[in-house]
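Student: Could we go through the labels on this structure together? I would like to see the reasoning behind each one.

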Amino acid sequence: MTDLIQIKGVRHAYQTATGPLPVLDGLELSVPEGGFVAVVGPSGCGKSTLTRLVAGLMKPDQGEVWLHGERVKSPRSTVGMAFQNPVMLEWRTILKNVMLPLEIVPTKLSKAQQEERARYLLELVGLKGFEDKRPSELSGGMRQRASLCRALVHQPEVLILDEPFGALDAFTREDLWQIMHQVKAKEPFTGVLITHDLRESIFLADQVVVLSGRPARTQFTLDVPSDGPRHLDMLYTPEAADMLHTLRHQIEIAQGRTGAEALV
Amino acid sequence: MKLRQIAVPVIAIVIFLVLWEALVWVMGWPNYKMASPSDLVPAYLRYWNLFLIMGWQTLWRTVIGLLVAIVFGTALGMIMGFSRTMRDALYPLLVGFNAIPKATVVPIIALMFVGLHDFNTVLIAFMISFFPIAVSVSIGLSTLEPEYRDILRSLGASQSTIFWKIALPKTLPEFFGALKVSVTLAFIGTNLMEIVSPHGRGLGALFDSGKTNSDYPLMFAVLIALAFLGIVLYYVVVALEKVFAGWAERAPG
Ligand SMILES: Nc1ncnc2c1ncn2[C@@H]1O[C@H](COP(=O)(O)OP(=O)(O)OP(=O)(O)O)[C@@H](O)[C@H]1O
Ligand SMILES: [Mg+2]
């Protein structure tokens, strides 16, 4: 069984006014079909860059990105992506924003079914009643949820989420974690989740990858033991405490400090 | 709400006219120095058919010039918006062209295409008004945040799909902002040509004939008619903006 997403020896540098800025250096990552990998790492280490590579939005200077046994050279319609900055088309209603990918990606759904699906997803993330509102009428967290629906609407094989719950309050975030599990149970996808929340990473993912500071390489990988459906209580078990402790320690190494400064 | 929106400007105009009338009356100005609103009514009554014919001339030539400016300006803006090289190449030329006072170009054009009065007028209206449109479209397109493109690009959408679904609608508010400037400019262009051309037509020519015949109330009547047409054109653009870019309007407060 080959992995659905494979990143091999990827190096990348941005050309800036002050010369090349190496961002990724020797990144290795693979996600099996149906797997869900969380990527954590210090701010600015290259996590969003990683998502752009997987989505085919840019090509790495060196190394290879493979999806489904094919080398990624350009974007493909089987990928769904929620960006760190959840831009919405202000001239469209929320419903029409969510339906946008269906206008690009070939779909077998009729217009009515498309709308039904968009409404269903909006309801799932708690945005029922906001279908006909404009994005400017929504809070930042609501826009993030709508952007999550937009990433899911065309039933992508691969879902890439770049800090999708960053702007949400703690309670809504926990709600959405559970919703993510529900969604995953109903429509299987292979996922990459960028996050800065360690609890989120172990609650949602089967594997947590810690990236080093910039230029990022794969520093540490943690497998989250999984047995059946997860409940939020899991976060309060000794096993979870151990995992969080390990991850925090790794982050501190990635940040180049091993002292007592805590990561929030 | 609706009533208020209409009543307030109407009252403002009435107050303006009353003040004007009062000023002329108090200062005791003869009507060759400054006509008063009450002098205008006879002028309109006497020449109403001329006003209609000439007003129509001015109007259609302005609108045609403006339409050409929209097509040309948008195309130019797209070229500059999508290509850095073209932007660097064309910008100085455009700015230089725009800096030339069009009043100096009018006689040149009038001589260059003698006898083609309609063509000349449309040409000046176009030349004077495409600049804001080109600049706004190019800026709108070149400052489009990459995230907007990426939403569609990550799904494998083509450049033209991205243009129609994202870039174009996103640029509409800037476009209409520019169009509001351009519509007035085009109007000024039309009138310049009408006044300067020896056998001109349109409200500008009517103004000129008022001047040669020392009919001062007629000249003032033309000015007011021009103002009226200008207001109408401007609000047509505002109405179009509401329809096509109304989403960009923030709720007051
Ligand atoms: N288009 C670009 N041109 C030049 N430099 C860039 C560009 N995009 C990102 N960078 C730089 O590359 C580095 C990594 O950026 P990236 O967005 O991948 O980080 P990140 O890990 O997602 O950060 P955060 O946790 O803050 O979201 C940063 O230092 C950033 O300044
Ligand atoms: Mg990022």
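Tutor: Happy to; what follows sets values from this predicted model against the cut-offs behind the labels.

Student: Let's begin with the metal. What makes Ser48(A) and Gln84(A) ligands of the magnesium ion (ligand 2)?

Tutor: Distance decides it. A donor is an N, O or S atom within 2.8 Å of the metal. The OG atom of Ser48(A) and the OE1 atom of Gln84(A) sit at 2.0 to 2.2 Å from the magnesium ion, so both count as donors under that cut-off. The pair links distant parts of the chain: Ser48(A) belongs to helix α1 (residues 47-54) of chain A, while Gln84(A) is in the loop between β6 and α2 of chain A, 36 residues apart.

Student: Why is Ser48(A) called partly exposed?

Tutor: Partly exposed covers the range between buried, under 20%, and exposed, over 50%. Ser48(A) has 26% relative accessibility, so it is partly exposed. The other donor, Gln84(A), gets that label too, because its value is 40%.

Student: And how do you know that α1(A) is largely enclosed by the rest of the structure?

Tutor: By counting: 6 of its 8 residues are buried, so the helix is largely enclosed. Those buried residues are Lys47(A), Thr49(A), Leu50(A), Thr51(A), Leu53(A) and Val54(A). After α1(A) comes Gly56(A), which has a positive phi near 80°.

Student: Which residues other than glycine have a positive phi?

Tutor: Two to look at are His68(A), with a phi of about 55°, and Glu163(A), with about 45°. His68(A) is placed in the loop between β4 (62-67) and β5 (70-71) of chain A, and Glu163(A) in the loop between β7 (158-162) and α5 (170-186) of chain A.

Student: Are His68(A) and Glu163(A) buried or exposed?

Tutor: His68(A) has 42% relative accessibility, so it counts as partly exposed. Glu163(A) has 14%, so it counts as buried, the cut-off being under 20%.

Student: What makes Glu241(B) buried?

Tutor: Its relative accessibility is 18%, so Glu241(B) counts as buried. This residue lies in helix α9 (residues 216-245) of chain B. Leaving aside residues up to four places away in sequence, Glu241(B) touches Pro173(B), Phe176(B), Lys180(B) and Gly246(B).

Student: Now the interface. How many residues does each chain bring to the contact?

Tutor: Chain A brings 24 residues and chain B 17 residues. Together the chains bury about 1900 Å², with carbon and sulfur atoms giving 69% of that area. Val87(A), Trp91(A) and Ile104(A) supply 32% of what chain A buries against chain B, more than any other three residues.

Student: Why is the pair Lys170(B) and Glu90(A) called a salt bridge?

Tutor: The rule asks for a side-chain nitrogen of Lys or Arg within 4 Å of a carboxyl oxygen of Asp or Glu. For Lys170(B) and Glu90(A) the closest N and O atoms are 4.0 Å apart, so the pair qualifies. The rule finds 3 salt bridges across this interface, along with 5 residue pairs in polar contact.

Student: Which element gives the most to chain A's side of the interface?

Tutor: That is α2(A), with 4 residues. By class, the side of chain A that touches chain B has 13 nonpolar, 4 polar and 7 charged residues.

Student: Last one: how do you know that the bond from Arg214(A) to Pro215(A) is cis?

Tutor: Look at omega: the value for this peptide bond is near -5°, and the bond is cis. Pro215(A) is located in the loop between β9 (207-211) and β10 (218-223) of chain A.

Technical notes: Residues are numbered from 1 along each chain as its sequence is written. Chains are lettered from A and ligands numbered from 1 in the order in which they are written. This is a predicted model: local features need pLDDT of at least 70, side-chain atom pairs count only at pLDDT 80 or more; totals for chains, interfaces and linings use all residues. Side-chain values use heavy atoms; hydrogens and water are left out. Contact means heavy atoms within 4.5 Å. Buried area is the accessible area (1.4 Å probe) that two parts lose on being put together, summed over both. A polar contact is a pair of N or O atoms within 3.5 Å; within protein, one must be able to donate a hydrogen and the other to accept it, and residues adjacent in sequence count only if both atoms are side-chain atoms. Helices (H or I, at least four residues) and strands (E, at least two) are DSSP runs, numbered from the N terminus. Ala, Val, Leu, Ile, Met, Phe, Trp, Tyr, Cys and Pro count as nonpolar, Asp, Glu, Lys and Arg as charged, and the others, Gly among them, as polar. Donors are N, O and S atoms within 2.8 Å of the metal (3.2 Å for Na, K and Ca); water is not among the atoms, so sites may look incomplete. Buried means under 20% relative accessible area, exposed over 50%, partly exposed in between (1.4 Å probe, protein chains only).
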